[in-house]
Amino acid sequence: MRHTLILASSLAAVLAVSAAQAQPTEPGDAEAALDTSPRAVEPAPVAAVNIPVDITEWPVPWESSRPRDPDVAPNGTIWLVGQGGDYVAHFDPDTEEFSKFDLPPGTGPHTVVVDRDASLWIAGNRQAYIGKMNPNSGEMVRYTMPDDAVKDPHTMVFDSGAYLWFTAQWSNVIGRLDKRNGSIETIDVPIDRARPYGIKLDSAGNPWIALLGTNALARVDAKTLELEVIRTPREASRLRRLAITSDDRVWYTDYSEGWLGSYDPATGAFVEYRNPSEQSGPYAIEVDAQDRVWQVETHPDVDQFVGFDPESETFFSITPIPSGAGAVRHMVFDPERNAIWFGTDTNNLGQAILP
């Protein structure tokens with residue numbers, strides 16, 4: 001089922017009026033008008049003492065297969081996909097052993113997410129399906145897209161109930177799959193080539209999406225399926241991935257110009273921080289249990305694993321990834337180990353133990 005969308009107006013969709021244009025307020029007026037002007041910090045402050053993380057990488061035994069988008073199973077083991085090798089793989093951190101199930105040739109899997117019952121959900125990016133796999137037998141049920149125009153399920157996230165939300169970048173849609181019956185609904189993004197990419201849910205279960213093809217975030221109301229587009233302050237910004245802290249601030253990596261940004265839905269305010277490296281290319285992003293924001297800069301010769309503290313507004317941790325990484329495209333936080341897992345284009349599975 002496809003939905004025609006209403007493009008909702010948003011306070012943050014238009015840049016706030018500058019201070020020079022704003023109406024003055026008298027001292028003691030409260031309740032003074034809310035300032036939603038975007039704030040940029042350039043250069044962003046870097047802590048005087050760097051706190052490095054402990055990064056371990058394991059070579060994935062299937063060469064040149066672009067291992068990516070790991071997720072943590074309920075038993076603590078790790079699942080990932082080989083986008084260039086058409087497989088879903090299992091890694092046991094205790095034994096350091098890999099195994100895999102092959103997927104249909106040409107699947108081009110983009111993401112795997114592990115359900116609460118340990119079922120694997122796989123985005124068949126090049127064959128227009130989402131697969132549900134039994135992790136013990138490898139048996140898989142395929143749910144094909146309901147419309148031939150939806151060709152590329154991309155990144156996925158579970159809500160707390162029955163739905164699996166996903167993006168389809170080149171098809172320009174956001175979708176949800178009902179795990180109870182396999183039915184799929186899709187929502188068109190009303191901007192040509194908006195390229196919906198990274199997706200996360202806020203505390204109310206509403207999806208937020210990075211629109212890589214333009215300078216915008218999107219939010220879907222999970223109850224009405226109404227879509228809201230929120231423009232970022234800089235027209236040249238291109239958002240790739242998102243993370244959401246416990247206060248529901250939406251954090252994003254601006255891949256095009258090297259900024260870490262945040263948007264506060266409660267106030268409509270943006271704050272952006274210039275990343276530490278001159279050529280940054282930030283891609284994967286995640287938050288930990290302390291609401292610290294972690295991202296990977298992919299444009300330096302060796303990728304940099306970077307930690308940012310929103311409270312002090314400082315970059316406090318910068319660690320080169322030992323293999324160089326090539327690119328880190330997606331990451332997942334593992335609360336039991338206080339670690340972040342990631343795949344690299346250098347054909348490794350990585351684990352960063354956080355301070």
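Here is a quick tour of this protein chain, from its overall build down to a few strands and residues. Keep in mind that what you're looking at is a predicted model. The chain is an all-strand affair, with 30 strands and 0 helices. Its radius of gyration is 20 Å, close to the 20 Å that the globule rule gives for 355 residues, so the chain is as compact as a globular protein of that length.

**The whole chain**

- Along the principal axes, the C-alpha atoms fill a box of roughly 70 × 50 × 30 Å.
- Buried residues make up 59% of the 355 in the chain.
- Take the contacts with a separation of 6 or more: 46% of them link residues that sit 24 or more positions apart.
- The accessible surface adds up to about 15,100 Å², and carbon and sulfur atoms supply 48% of that.
- As for charge, the chain carries 28 positive and 51 negative charges, and the mean positions of the two sets are 7 Å apart.

**The β4–β5 hairpin**

- Strand β4 covers residues 67-72, and 5 of its 6 residues are buried.
- Its partner here is β5 (residues 78-82), which runs antiparallel to β4 over 4 bridges.
- If you want a spot to look at, find aspartate 71, which stands opposite tryptophan 79 of β5.
- There are 5 residues between the two strands of this hairpin, and glycine 76 in the turn has a positive phi of about 90°.

**The β16–β17 hairpin**

- All of strand β16 (residues 196-201) is tucked away: 6 of its 6 residues are buried, so the strand is largely enclosed by the rest of the structure.
- β16 pairs with β17 (residues 207-211) in the antiparallel sense, again with a count of 4 bridges.
- One pairing to look for is isoleucine 199 with isoleucine 209, its bridge partner in β17.
- The hairpin leaves 5 residues between its strands, and in the turn glycine 205 has a positive phi of about 85°.

**Strand β30 and its two partners**

- β30 takes in residues 348-353, and 5 of its 6 residues are buried.
- One partner is β3 (residues 54-59), paired with β30 in the antiparallel sense over 6 bridges.
- In that pairing, threonine 56 stands opposite glutamine 351 of β30.
- β29 (residues 339-343) is also an antiparallel partner of β30, with 5 bridges.
- Here alanine 339 has isoleucine 353 of β30 as its bridge partner.
- β29 and β30 make a hairpin with 4 residues between them, and asparagine 347 in the turn has a positive phi of about 70°.

**Two residues worth a click**

- Threonine 253 belongs to strand β21, which spans residues 250-254.
- Is threonine 253 buried or exposed? It counts as buried, because its relative accessibility is 0%.
- Leaving out residues up to four places away in sequence, threonine 253 touches a list of residues including Arg238, Trp259, Tyr283 and Gln295.
- Alanine 222, by contrast, lies in a loop, the one between β18 (216-220) and β19 (227-231).
- From C-alpha to C-alpha, alanine 222 is 8.6 Å from alanine 204, and the two are 18 residues apart in sequence.
- Beyond its neighbours within four places in sequence, alanine 222 is in contact with Trp165, Arg176, Gly205, Asn206 and Pro207. One of these, glycine 205, is the residue with the positive phi in the β16–β17 turn.

Terms used. Residues numbered from 1 in each chain as written. Predicted model: local features only at pLDDT ≥ 70, side-chain atom pairs only at ≥ 80, totals over all residues. Heavy atoms only, no water. Rg over C-alpha atoms; globule rule 2.2 N^0.38 Å. Buried < 20%, exposed > 50% of the residue type's maximum accessible area, 1.4 Å probe, protein only. Contact = heavy atoms within 4.5 Å. Areas by Shrake-Rupley, 256 points an atom, 1.4 Å probe, with all protein chains shown as cover. Lys, Arg positive; Asp, Glu negative; His and termini not counted. Charge placed at Lys NZ, Arg CZ, Asp CG, Glu CD. Pairing = 2+ DSSP bridges.
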